[in-house]
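Colleague: Hi, do you have a few minutes to go through a model with me? I'll put it up here and fire off some questions.

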Amino acid sequence: WGMLNTPCFPYVFSGYEKLKGVQAIEFDVRDVNCERLGRWLGRFLRRLHSLQPPETLIEEAGLKAGVTTSHGSEKHLNEYLMRITKSVGTELAVRIQNFFREDHGVPLPYDGPLVLVHEDCHAGHLLLDPEAPERVTGILDWSDMWFSDPAQDFARLFSWGGDRLLEPMLQGYGAADPELARRARYIGVWLALKEWAYFDRLGWKVRATHVQAILEEALPS
């Protein structure tokens, strides 16, 4: 790290050697060995969530603690439902509405110990080996780390891998918490909906279609 002593860039910066690999979001999850990838990610998250940084480091890094809301506001949900209806049709919108408003799969509130989470571990921050995409070469962007519900880290990858990735992740993690899978899927569906709306707004049809397929697989008929 260092500082450029020029009027054009008088800011502290940090950097590291460029990591090899391709963002997971560039892969079709059907072409990935999700069993092997998921188990590796589960073991990785188990180690991450078991870390206990010294209090001095926590204070210096400004790490906070808390439980993220399971999904966003009613206003945002209505906006996403309107966009889904316009772009896809009413059938999927109704299934999404039922999932959040009629207690389908709604988990119990998390009241366990808060653990150190990446918090932004989505497919854009996961680097895979292009020759063997079940191998992880890097995990990027740790700037949002804090202490929270461990389900947050599982949910972030749901919009890319769905249950085919989530289930082996949970197996690799070896969770003793029976509600972890339900919380991860519940939060994951909300994040997938949010991501679909983002891709749809930008006109990224291939990515929007992929997330739509994940939602259709995950939601009760």
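Colleague: Which residue forms a salt bridge with arginine 39?

Modeller: That would be glutamate 35, with the closest N and O atoms 2.9 Å apart. Keep in mind that this is a predicted model.

Colleague: Sure. How far apart are arginine 39 and glutamate 35 in helix 1?

Modeller: They are four residues apart, so about one helical turn separates them. In general, an α-helix has 3.6 residues a turn, so residues three or four places apart point the same way.

Colleague: Are those two side chains buried or exposed?

Modeller: Neither, as it turns out. Arginine 39 counts as partly exposed at 32% relative accessibility, and glutamate 35 is also partly exposed, at 39%.

Colleague: Let's stay with that helix. Which residues of helix 1 are buried?

Modeller: Cys34, Leu37, Gly38, Leu41, Gly42, Leu45, Leu48 and His49. Looking down the axis of helix 1, these buried residues fall within an arc of 135 degrees, so they line one face of the helix.

Colleague: And what is on the face turned away from the buried side?

Modeller: There you find the exposed residues Arg36 and Arg47.

Colleague: What covers the buried residues of helix 1?

Modeller: The cover includes strand 4 (115–117), strand 5 and strand 6, along with helix 5 and helix 6 (158–173). Helix 1, which takes in residues 34–50, lies across strand 5 and strand 6 and runs at about 40 degrees to strand 6.

Colleague: How does the span of helix 1 work out?

Modeller: It agrees with expectation: at 1.5 Å a residue, its 17 residues should span 24 Å, and the end C-alpha atoms are 24 Å apart.

Colleague: Switching to the sheet, then. In what order do the strands come?

Modeller: The order is 3-5-6, giving an open sheet of three strands with antiparallel pairing. Its edge strands are strand 3 (22–23) and strand 6 (136–139), each of which pairs on one side only.

Colleague: How many bridges join strand 3 to strand 5?

Modeller: Two, and these strands run antiparallel, with strand 5 covering residues 126–128. Within that pairing, valine 22 stands opposite leucine 128 of strand 5.

Colleague: Back to charges. How many salt bridges are there in the whole structure?

Modeller: A search of the whole structure turns up 13. One of them pairs arginine 207 with glutamate 26, where the closest N and O atoms are 2.5 Å apart. That pair links distant parts of the chain, with arginine 207 in helix 8 (residues 205–218) and glutamate 26 in the loop between strand 3 and helix 1, 181 residues apart.

Colleague: How accessible are arginine 207 and glutamate 26?

Modeller: Arginine 207 is partly exposed, with a relative accessible area of 24%. Glutamate 26 is partly exposed too, at 49%.

Colleague: What about aspartate 149, which side chain does it meet in a salt bridge?

Modeller: It meets arginine 183, at 2.8 Å from N to O. This pair also links distant parts of the chain: aspartate 149 sits in the loop between strand 7 (146–148) and helix 5 (151–155), while arginine 183 belongs to helix 7 (residues 180–202), 34 residues away.

Colleague: Is that pair buried or exposed?

Modeller: Buried. Aspartate 149 has a relative accessible area of 2%, and arginine 183 has 4%.

Colleague: Last one: which residues are linked in a network of salt bridges?

Modeller: Arg83, Asp200 and Lys205 are linked in such a network.

How values were computed:
Residues are numbered from 1 along each chain as its sequence is written. This is a predicted model: local features need pLDDT of at least 70, side-chain atom pairs count only at pLDDT 80 or more; totals for chains, interfaces and linings use all residues. Side-chain values use heavy atoms; hydrogens and water are left out. Two strands pair if DSSP finds at least two bridges between them. Contact means heavy atoms within 4.5 Å. Axes are lines fitted to C-alpha atoms, for helices over the stretch in contact, and angles run from 0 to 180 degrees between N-to-C directions. A salt bridge is a side-chain nitrogen of Lys or Arg within 4 Å of a carboxyl oxygen of Asp or Glu. Buried means under 20% relative accessible area, exposed over 50%, partly exposed in between (1.4 Å probe, protein chains only). The expected span of a helix is 1.5 Å times one less than its number of residues. The arc is that of the directions from the helix axis to the C-beta atoms.
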